[in-house]
Amino acid sequence: MKRRGKLVTTGEAVQIETANGAITQITRLSQTDSHLPWVSAGWADLQVNGFGGYDLNAEQTTTKDIEGVTRALHAKGVATYLPTVITGSFERMRQAMAAIAEYCRTNRYANASIKGIHMEGPFLSSEDGSRGAHPRAYTRNPDWDEFMRLQDAAEGRIVMVTLAPEREGALAFIERLAKSGVVVAIGHTMATAQQLDDAVHAGAALCTHLGNGSHPMLPRHPNYIWHQLADDRLWATFIPDGHHLTPPVLKAMLRVKRDKSILVSDTTQFGGMPPGQYSSLIGGKVVLHENGRLHTADNPSILAGSAASLDIGIENALRYTDMNLMEAVEAVTLRVAKVMQDDKAGRVQIGSPADLTLFDYDEQSGAIAVRETVVAGQSVYSRTL
């Protein structure tokens with residue numbers, strides 16, 4: 001297959017050829033067609049709880065949910081993602097892991113898009129504010145045997161774990177995760193500076209949705225957000241939906257983390273849904289506003305995940321911060337691959353996976369419109385021009 005576009009990294013017009021799921025040839029075009037789309041490595045989202053009415057964290061995760069989320073994300077330019085299984089009973093989490101694993105094993109379409117599972121919880125803070133919308137009753141201390149049973153159900157697909165390093169037994173748990181090749185992320189925490197430093201020494205590499213999953217009111221300084229922000233050893237993901245972080249805060253945080261900043265959606269089943277009040281297993285009753293803000297009904301200051309897909313997040317990063325197009329796209333491609341220790345993904349180069357996102361970008365309006373999403377060389381979404 002051959003596709004033409006302008007490389008986001010250089011602006012050059014190229015023809016990209018793919019075969020057997022990989023990029024096989026990149027040819028520079030001598031003439032630039034003004035109608036060519038931008039082309040980048042396929043966008044990757046490290047945190048997806050659901051989308052388009054499909055929930056990955058219901059009491060029963062189904063094939064319909066997994067495929068529904070996958071196809072809905074493709075229409076938003078997301079080629080690959082990590083289904084995110086969050087805090088719940090062991091049985092609910094185990095069932096979700098097993099359902100995702102079975103679907104990946106039996107469905108080639110999903111297998112190429114699902115790069116693993118992000119386990120967010122249950123080893124998180126139990127405190128109001130820092131636990132966010134995660135149910136307190138199911139937050140608990142790390143347990144290696146429990147994790148291995150979940151990993152067995154996932155058939156080895158758990159590639160990222162978010163936890164609170166202040167929980168009892170967390171440091172030894174982080175060490176074992178890191179040695180097993182799982183990326184360890186800090187999140188939903190109220191850890192002290194020493195606890196955070198110990199977690200990094202033990203192998204933690206990433207902060208999950210930094211600035212969120214925290215108390216609505218914190219000491220001006222010091223606090224656990226500043227400590228994570230200032231630690232140059234830590235990568236950090238940010239939710240640029242305009243609600244989790246106000247535009248000035250997002251701009252400042254991205255400036256601090258620079259090339260260790262990653263954009264994620266943290267989208268839930270309510271992404272792409274009309275405004276209204278909904279109920280979900282996680283978060284209970286939630287309210288979705290017309291502007292996309294999603295919060296728990298009991299406490300409007302506690303967000304219940306995001307309702308914005310990654311393309312909107314990229315738009316917001318371009319509108320509200322001093323990121324340029326190359327940097328914003330890099331934050332959902334190359335940087336994702338680096339933190340996941342993948343030396344081929346996230347790049348448009350010969351031998352890399354044939355995952356591509358082709359899109360239009362209007363500098364005046366700031367709007368992004370996805371033209372085509374390619375996964376393993378196959379077109380999984382194409383917009384009629």
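Contacts between residues far apart in sequence feature strongly in this predicted model. Among contacts in the protein chain with a separation of 6 or more, 66% join residues 24 or more positions apart. The chain that folds back on itself in this way contains 11 helices and 20 strands. Its radius of gyration is 20 Å, close to the 21 Å that the globule rule gives for 385 residues, so the chain is as compact as a globular protein of that length. Along the principal axes, the C-alpha atoms fill a box of roughly 60 × 45 × 45 Å.

How much of the chain is buried? Buried residues make up 56% of the 385 residues. The accessible surface of the protein chain comes to about 16,000 Å², and carbon and sulfur atoms account for 49% of that area.

The aromatic side chains offer a friendly place to look next. A search of the whole structure finds six aromatic pairs. One of them joins W43 and F359, with ring centres 5.2 Å apart and planes at 55 degrees; the pair is tilted because that angle falls between the limits of 30 degrees for stacked and 60 for edge-to-face. W43 belongs to strand β5 (residues 43–48), while F359 belongs to strand β18 (residues 356–361), so this pair ties together parts that are 316 residues apart in sequence. Both W43 and F359 are buried.

Another pair is formed by F123 and F173. Here the ring centres of F123 and F173 are 5.2 Å apart and the planes stand at 75 degrees, so the pair is edge-to-face. This pair, too, links distant parts of the chain: F123 is found in the loop between β9 (117–120) and α4 (144–153), whereas F173 sits in helix α5 (residues 170–179), 50 residues apart from F123. Are these two residues buried or exposed? F123 and F173 are both buried. They also take part in a wider group, since F123, W144, F147 and F173 form one aromatic cluster.

Rings in this model also meet charged side chains. The charged end of K6 is placed over the ring of W38, at 4.4 Å from the ring centre. In a second example, R149 has its charged end over the ring of F90, at 4.5 Å from the centre of that ring.

Definitions and conventions. Residues are numbered from 1 along each chain as its sequence is written. This is a predicted model: local features need pLDDT of at least 70, side-chain atom pairs count only at pLDDT 80 or more; totals for chains, interfaces and linings use all residues. Side-chain values use heavy atoms; hydrogens and water are left out. Rings of Phe, Tyr and Trp (its six-membered ring) pair if their centres lie within 6.5 Å; planes under 30 degrees apart count as stacked, over 60 as edge-to-face and the rest as tilted. Helices (H or I, at least four residues) and strands (E, at least two) are DSSP runs, numbered from the N terminus. Buried means under 20% relative accessible area, exposed over 50%, partly exposed in between (1.4 Å probe, protein chains only). A charge sits over a ring if NZ of Lys or CZ of Arg is within 6 Å of the ring centre and within 35 degrees of the ring normal. The radius of gyration is taken over C-alpha atoms; the globule rule is 2.2 Å times the number of residues to the power 0.38. Contact means heavy atoms within 4.5 Å. Accessible areas come from the Shrake-Rupley method with a 1.4 Å probe; for residues, only the protein chains shown count as cover.
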